[in-house]
Amino acid sequence: MSLDKNSTNDFILDVQHVSKMYATHQALKDVSLSVPRGQIFGLLGPNGAGKSTLIRIITQIIRRDGGEISFNNKPLNPNDAENIGYLPEERGLYKKMKVGEQLLYLARLKGLHKNEAMERLKIWFEKFDIKPWWNKKVEDLSKGMQQKIQFVATVLSKPALLILDEPFSGFDPINANIIKDEILEMKRNGTTIIFSTHRMESVEELCDHVALINKSEKILDGSKKDIKNSYKTNVYQIEHAKNIENLGDKFEVLETENVDDHFLSYIQAKQSGLSNELLHHLINQTEIISFQERIPSFNDIFIMLVTGKTTYKNTQQEVQHYE
Ligand code: ADP
C-alpha cells in the first residue's frame with residue numbers, strides 16, 4: 001500500500017523494482033520506494049525482512065539483481081558513495097588503531113582534506129566531550145564510546161544522505177538523547193536521513209515518512225501523518241464516573257473495566273467525525289473524567305500489518321517479540 005501524498009516529487013533517492021536473491025532465498029521482491037529530500041525516512045520491518053539487504057544495495061556494498069536506483073535524479077554510481085554516509089548496526093572500527101588517527105583516515109577515504117577533517121573533528125570532540133579519547137586505542141573504549149566514534153566517522157563528511165541502522169543501540173539514555181539531537185540538527189541543515197530501527201517510539205518521534213518491509217516486500221509506505229490517519233479505527237478511550245446505559249446505534253461499547261473509583265471504556269463509532277455526538281450521549285449519563293480518540297501508535301500499526309493482530313488498546317511490546 002502506498003500512502004504517499006508528497007506532491008513536490010523532490011526525492012534524493014528513488015528505488016524502483018529492486019530485487020535480490022541470496023542462493024535460494026529471495027531477500028527483496030520488487031521493492032520500490034522514494035525518499036523525500038530533507039526528511040527523516042523510517043525503514044521498518046521485522047528481523048530478516050530485507051532492510052539491511054536494501055541498505056547494502058543503496059550503499060553499493062552488494063549488487064542488486066534487478067531494478068533501478070537513482071540518487072539525486074541520476075542513476076546511482078560508485079562516486080555517490082562520497083555523498084552517502086552509512087552507520088551499520090554491526091560497527092566496524094579498527095580495534096588496534098588510535099581514535100584520532102582512525103577518524104582522520106576514514107575522513108580522508110571519504111574525500112575530506114586533512115585540515116578540513118581536523119577542523120570538523122575538533123568540533124565533534126568538543127560537542128561530544130571526548131577530547132581525552134583522541135590518543136586512545138579503539139579496543140580500550142567501552143562499546144558505547146566506540147558507538148560515538150563510529151557515529152562521528154559516519155557524519156564527519158556531511159553526506160547528503162545518511163543511513164543509520166539502529167543508531168541508538170548501545171547508548172545509554174543520555175547519550176541516545178545527544179545522538180537524537182544531532183540527527184535533528186543534521187535534518188535542519190538539509191541532510192536526508194534513512195533510519196532503520198525496531199524502536200517504535202523513535203519512529204513516532206523522529207520520522208516524517210515511513211516504509212515497512214515484511215518478508216522481502218514493501219507492504220506500507222507513506223508520510224507518518226497519512227499512515228496514522230488511515231489506520232484510525234474511530235475508537236475512543238473514555239474515563240467516566242458512572243455506568244453508560246445507552247449510546248444509540250452509531251456507537252458500540254467494546255469494553256468497560258473498573259479502574260479505582262471510576263470506569264474506563266473503549267467505544268467505537270461506526271464512522272469518523274462523531275466525537276461531538278458521542279460526547280453529547282455521554283454528558284447526559286455520566287461525568288466524563290477523560291475523553292480521547294485512540295490514534296494507533298506505530299507499534300500498533302506495525303504489529304497489525306506484520307502479524308495480523310488488531311487491537312484498540314495501546315500495544316506496549318517491543319516489535320521484536322513478534323518476529
Ligand atoms: P533485515 O535487515 O531486515 O533483518 P536482511 O536483509 O539482513 O534482513 O536479511 C534478509 C534475509 O536474507 C534473511 O533471511 C537473511 O538470513 C538473508 N541473508 C542476508 N544476508 C545473506 C547472505 N549474505 N547470504 C544468504 N542469505 C542472506
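A residue counts as buried when its relative accessible area is under 20%, as exposed when that area is over 50%, and as partly exposed in between. Keep this in mind as you work through the exercises below, which use a predicted model.

**Exercise 1. Find which residues surround the ligand, and which helix gives the most to this shell.**

Step 1. Start with the residues around the ligand: Tyr22, His25, Ala27, Pro46, Asn47, Gly48, Ala49, Gly50, Lys51, Ser52, Thr53 and Arg56.

Step 2. Sort them by character. The shell holds four nonpolar, six polar and two charged residues.

Step 3. Now look at the elements they come from. Strand S3 (25-36) and helix H1 (51-58) each supply at least two residues of the shell. Helix H1 gives the most, with four residues.

**Exercise 2. Work out how the ligand is held in polar terms, and what share of its area the protein covers.**

Step 1. Look at the side chains of Ser52 and Thr53. A polar side-chain atom of Ser52 is 2.5 Å from an oxygen atom of the ligand, and a polar side-chain atom of Thr53 also lies 2.5 Å from a ligand oxygen.

Step 2. Turn to the backbone. A polar backbone atom of Gly48 is 2.7 Å from an oxygen atom of the ligand.

Step 3. Finish with the area. On its own the ligand has 560 Å² of accessible area, and the protein covers 60% of this.

**Exercise 3. Decide whether Ser34 is buried or exposed, and name its side-chain partner.**

Step 1. Locate Ser34 in strand S3.

Step 2. Apply the cut-off. Ser34 has a relative accessible area of 12%, so this residue is buried.

Step 3. Look for the partner. The side chains of Ser34 and Asp14 are joined by a polar contact of 2.6 Å.

**Exercise 4. Compare two salt bridges that involve helix H3, and say how far apart in sequence the partners are.**

Step 1. A search of the whole structure finds twelve salt bridges. One of the pairs to look at is Arg120 with Glu116, whose side chains meet at 2.9 Å, N to O.

Step 2. Arg120 and Glu116 are four residues apart in helix H3 (residues 114-127), so about one helical turn separates them. Arg120 counts as buried because its relative accessibility is 15%, while Glu116, at 34%, is partly exposed.

Step 3. Next, take Glu182 and Lys127, which form a salt bridge with the closest N and O atoms 3.0 Å apart. This pair links distant parts of the chain: Glu182 is in helix H5 and Lys127 in helix H3, 55 residues apart.

Step 4. Check the exposure of these two partners. Glu182 is buried, at 10% relative accessibility, and Lys127 is partly exposed, at 40%.

**Exercise 5. Determine whether Arg294 and Asp300 are buried or exposed.**

Step 1. First establish the pairing: the side chains of Arg294 and Asp300 meet in a salt bridge of 2.8 Å, N to O.

Step 2. Recall that buried means under 20% relative accessible area. Both Arg294 and Asp300 are buried.

**Exercise 6. Identify the residues that make a nonpolar surface patch, and describe where Tyr105 lies.**

Step 1. Tyr94, Tyr105 and Leu109 make a nonpolar surface patch of about 330 Å².

Step 2. Tyr105 lies in helix H2 (residues 99-109). With a relative accessible area of 37%, Tyr105 is partly exposed.

Step 3. For contrast, visit Ile183 in helix H5 (residues 173-188). Ile183 has a relative accessible area of 1%, so this residue is buried.

Methods
Residues are numbered from 1 along each chain as its sequence is written. This is a predicted model: local features need pLDDT of at least 70, side-chain atom pairs count only at pLDDT 80 or more; totals for chains, interfaces and linings use all residues. Side-chain values use heavy atoms; hydrogens and water are left out. A residue is near a molecule or strand if one of its heavy atoms lies within 4 Å of it. A polar contact is a pair of N or O atoms within 3.5 Å; within protein, one must be able to donate a hydrogen and the other to accept it, and residues adjacent in sequence count only if both atoms are side-chain atoms. Accessible areas come from the Shrake-Rupley method with a 1.4 Å probe; for residues, only the protein chains shown count as cover. Ala, Val, Leu, Ile, Met, Phe, Trp, Tyr, Cys and Pro count as nonpolar, Asp, Glu, Lys and Arg as charged, and the others, Gly among them, as polar. Patches are made of residues with over 30% relative accessible area and no salt bridge: like charges are joined within 9 Å, nonpolar side chains (Val, Leu, Ile, Met, Phe, Trp, Tyr) within 5 Å. A salt bridge is a side-chain nitrogen of Lys or Arg within 4 Å of a carboxyl oxygen of Asp or Glu. Buried means under 20% relative accessible area, exposed over 50%, partly exposed in between (1.4 Å probe, protein chains only).
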